[in-house]
Amino acid sequence: MDLFGQNKEKGDHVSGIDRGKVIMYGLSTCVWCKKTKKLLTDLGVDFEYVFVDRLDGDEEKEVIEEVRRYNPSTSFPTTVINDEKAIVGFKEKEIREALGF
Amino acid sequence: MKEEEASEEGISEEEVDKVYRRLRDQVEKSGYHLNPDVEFTKDLVRGLLANERRYGYWSCPCRLSADNKEEDLDIICPCYYRDPDLNDYGACYCALYVSDDVIREERRVESIPERRPPKEQRDAEKAEEKKREEMMDTMEFSGELSKPVWRCKVCGYLCAMDEAPGVCPICKARKERFERFM
């Protein structure tokens, strides 16, 4: 997914070890999201993150629908692995295990 | 987040410090506790200030604001879910507020489940509440109650007055966060 072109405030791709497709949906103001993003960075995996609070209008709606598919309460952070497994909240152990660490 | 937030919202470290200290003093006086992890807590204060700039009110930093005060009334900090979460998990959803046992280091703070009901359920509850209020408006209180009773939805404070107070004397929540209780 090409994330929002050049606008890094909304989200970005972080290069690293391939452990499948990993996307973290978070809020830029949320400390648990920040911790999750840091964990993924520290693990050195390839992942993408999206700060949903920085999206507007249709872009935001679209992403919320995407999150709802995996996590009906659309809470953050929601980390989706390989379009199937969703980890809701900063669950360090679960995230490590799901990524094979 | 510090740098990103600073660039986007123009929030200075001094402002975060000032608001953090003011909030901590106010919270301690009313018998609550902020998370003792100062850096973590200041990050949340930074998020609150960012939301104040964006939306005009202290929307919870760990929840997605609807950018509509009426819809977000339940997640304006302190949110309606703080006290039950403090009881069940020792921290509010963001972990800005923690319970006594966390302060005594008998319990650890972690990421907790979201208690806020989904939008459809919140809308249904709001409609119920409105119906109840309308019903009570038409009831003849003079025989039983000399005044209507108002409840602060943040801290549970009750008062019997013609109108809810402008600011809750206990938790300082504003008038719009009161409901007609009796």
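A residue is called buried when its relative accessible area is under 20%. Keep that cut-off in mind as we walk through this model, which is predicted.

Let's start with chain A as a whole. Of its 101 residues, 47% are buried. The accessible surface of chain A is about 4,900 Å², and carbon and sulfur atoms contribute 46% of that area. If you measure out the C-alpha trace along its principal axes, chain A spans about 35 × 30 × 25 Å. How does the radius of gyration fit with a compact globule? For 101 residues, such a globule would have a value near 13 Å, and chain A has 12 Å, so the two agree.

Next, look at how chain A is built. It contains three helices and five strands, and following the sequence from start to end you meet them in the pattern β-β-α-β-α-β-β-α. Contacts also link parts of the chain that lie well separated in sequence: among contacts in chain A with a separation of 6 or more, 67% join residues 24 or more positions apart.

One residue lets us see this at close range. A:Thr79 sits in strand β4, which covers residues 78-81 of chain A. Is A:Thr79 buried or exposed? Its relative accessible area is 0%, and because buried means under 20%, A:Thr79 counts as buried. Leaving aside residues up to four places away in sequence, A:Thr79 touches several others, including A:Val22, A:Ile23, A:Met24, A:Thr36, A:Leu40 and A:Ile95.

Now for the helices. Two packed helices are described by the angle between their axes and the distance between the axes. In chain B, helix α2 (residues 13-29) and α3(B) have axes that come within 9 Å and cross at roughly 105°. That angle is why α2(B) is described as roughly perpendicular to α3(B). Among the residues making this contact are B:Val16, B:Val19, B:Tyr20 and B:Leu23 from α2(B), and B:Val45, B:Leu49 and B:Arg53 from α3(B). Sorted by class, the contact has seven nonpolar, one polar and six charged residues.

Helix α3 of chain B (residues 38-55) also packs against helix α1 of chain A (residues 31-43), at an angle of about 120° and with the axes 9 Å apart. Which residues make this contact? From α1(A) they are A:Val31, A:Trp32, A:Lys34 and A:Lys35, while α3(B) supplies B:Phe40, B:Asp43 and B:Leu44. Here the classes are four nonpolar, no polar and three charged.

Definitions and conventions: Residues are numbered from 1 along each chain as its sequence is written. Chains are lettered from A and ligands numbered from 1 in the order in which they are written. This is a predicted model: local features need pLDDT of at least 70, side-chain atom pairs count only at pLDDT 80 or more; totals for chains, interfaces and linings use all residues. Side-chain values use heavy atoms; hydrogens and water are left out. Axes are lines fitted to C-alpha atoms, for helices over the stretch in contact, and angles run from 0 to 180 degrees between N-to-C directions. Helices (H or I, at least four residues) and strands (E, at least two) are DSSP runs, numbered from the N terminus. Contact means heavy atoms within 4.5 Å. Ala, Val, Leu, Ile, Met, Phe, Trp, Tyr, Cys and Pro count as nonpolar, Asp, Glu, Lys and Arg as charged, and the others, Gly among them, as polar. Angles under 35 degrees count as roughly parallel, over 145 as roughly antiparallel, 65 to 115 as roughly perpendicular and the rest as oblique. The radius of gyration is taken over C-alpha atoms; the globule rule is 2.2 Å times the number of residues to the power 0.38. Buried means under 20% relative accessible area, exposed over 50%, partly exposed in between (1.4 Å probe, protein chains only). Accessible areas come from the Shrake-Rupley method with a 1.4 Å probe; for residues, only the protein chains shown count as cover.
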